[in-house]
Amino acid sequence: MYAPAPKSLALAVVLSGALVATATPPAWAGATAHRPALVSADKSPPQIRDVRFSRTAVAVRGLAVVPVRVSLRLTDPSGVLDNPHDMNPSPQLTLGPVPGFQSKLRPVLTRTSGTATDGTWSATVNVPSTWNGTVRIVSAGASDTAGNTVTKALSGAASPKLRVRGTHRPAVTLRYSLLDGGGFRIHGRAYFTDTGRPLRSKALATAYDSNCDFDGGAANNVVTDAQGNYEKLFRNGGAGAAGCVALIGRAAPHQRPTMLTYRIASAPNYAVPAAAMLQPADLNGADTTTVTDDYWAALQPPQPCGPYSSAGLRREHRTVQAMIGVDNRPSVIVNDVATYASDGAHRYLTQLRKAVATCGHGWSVVGTGVAGDESLLLRHREYIDYAETDKDTYVVVARTGRAVVVVADTGWETGDGHEAVARRLSVVAVKRAAVL
């Protein structure tokens, strides 16, 4: 899962009469009065030429799996970057919906034909009966060796589909209860949905808290009894921590074990009171309104190139917005506060830092330590098509205890937000959230 990136090739090619370098030239190729330093002229991301399943339909019964190949053809003059085990892998395909933590699957792709400049990357996935219905390729993406990146959501006719007829499907139930003296218990039953008969002496994978994303791969650690019942005690589990169970099958080559069915515990919720949010007194008297729709979902909290596994540890949250005046113009302020179980808040900040540094998508780090030791000041730059201009939103993300605080100055319409305002309000917002 964490294979190193391939070594760069010191290679120059002639394209349309222009000399283009795809990597750092050797010392003897350095700049002189008669030979300028070589600079990559590739400014465009890889082109997605074809995305497909190897077949359009499969029939699967019980605990069996059927191998199906997914493939992605890409072209790029500087060469597609082969980095399949990164947090934001290249190339990549996402399948959904499927059983699992995020209802999505991102198989590990390898180049199976062609070259880095025009090739096909593929993976074999084992399709279980629990994929019953229609599974699609919902996104594709890649980076090239020049640093250009493309991520494309696929929908409608552009989203290849696989029809799965699953019969005699397995399932598991899950119940969650606290233990006297601390910790918790998960238990339930594994059975076939059509007959109700138990899965006897069947190995299951269980996990605790942040491991419920099975990011390192699921491993069997409990076995059902003659009635299909299972139980797992987490005596050191924190109050409200998550517990999960999965029935896994055979792994396809170079892939993780196949997830047949998955359940995660419903941990107790943490309430975020209004007192934990920015108040009118902090906003020059401007009233706040509670956000109840998903309009600001991209800031609840920001997850560039996500979603992140830490999202599974996120519990309750509250979001408010307010319109204030800045330099005689309106500007919208958004404040989100979310609580996390276990180390989820710290883990989120770690994943955010890595994603912004390696992925971007318009996000960049402007400052650190602006609202406490564990805080980031981000800028999100997006292009507004109808106005033909860039717009900057300034966002501070900070951790206080098990809570993550987000403060964003989003500007107004096509106008930029204000870095200074985001900095000032974030300090106040972190103090407000300390009541949690």
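**Strand 18 and its disulfide**

Of the 7 residues that make up strand 18 (residues 243-249), 6 are buried, so this strand is largely enclosed by the rest of the structure. The model described here is a predicted one. The points below take up the strands that pair with strand 18 and then the disulfide that involves one of its residues, C244.

**Pairing with other strands**

- Strand 18 pairs with strand 15, which covers residues 203-208, and the two run in the antiparallel sense over 4 bridges.
- Within this part of the picture, A207 has C244 of strand 18 as its bridge partner.
- Strand 18 is also joined to strand 19, which covers residues 258-264, by 6 bridges, and these two strands run antiparallel.
- Here the residue L247 has T261, in strand 19, as its bridge partner.

**The disulfide**

- A disulfide is a covalent bond between the sulfur atoms of two cysteines.
- When the whole structure is searched, 1 disulfide is found, and it is formed by C212 and C244, whose sulfur atoms lie 2.3 Å apart.
- This pair counts as a disulfide because its sulfur atoms, 2.3 Å apart, meet the cut-off of within 2.5 Å.
- The link of C212 and C244 is left-handed, with a value of -105° about the S-S bond.
- Because C212 lies in the loop between strand 15 and strand 16 (222-223), while C244 lies in strand 18, the pair ties together parts that are 32 residues apart in sequence.
- Both cysteines of the link, C212 and C244, are buried.

Notes
Residues numbered from 1 in each chain as written. Predicted model: local features only at pLDDT ≥ 70, side-chain atom pairs only at ≥ 80, totals over all residues. Heavy atoms only, no water. Buried < 20%, exposed > 50% of the residue type's maximum accessible area, 1.4 Å probe, protein only. Pairing = 2+ DSSP bridges.
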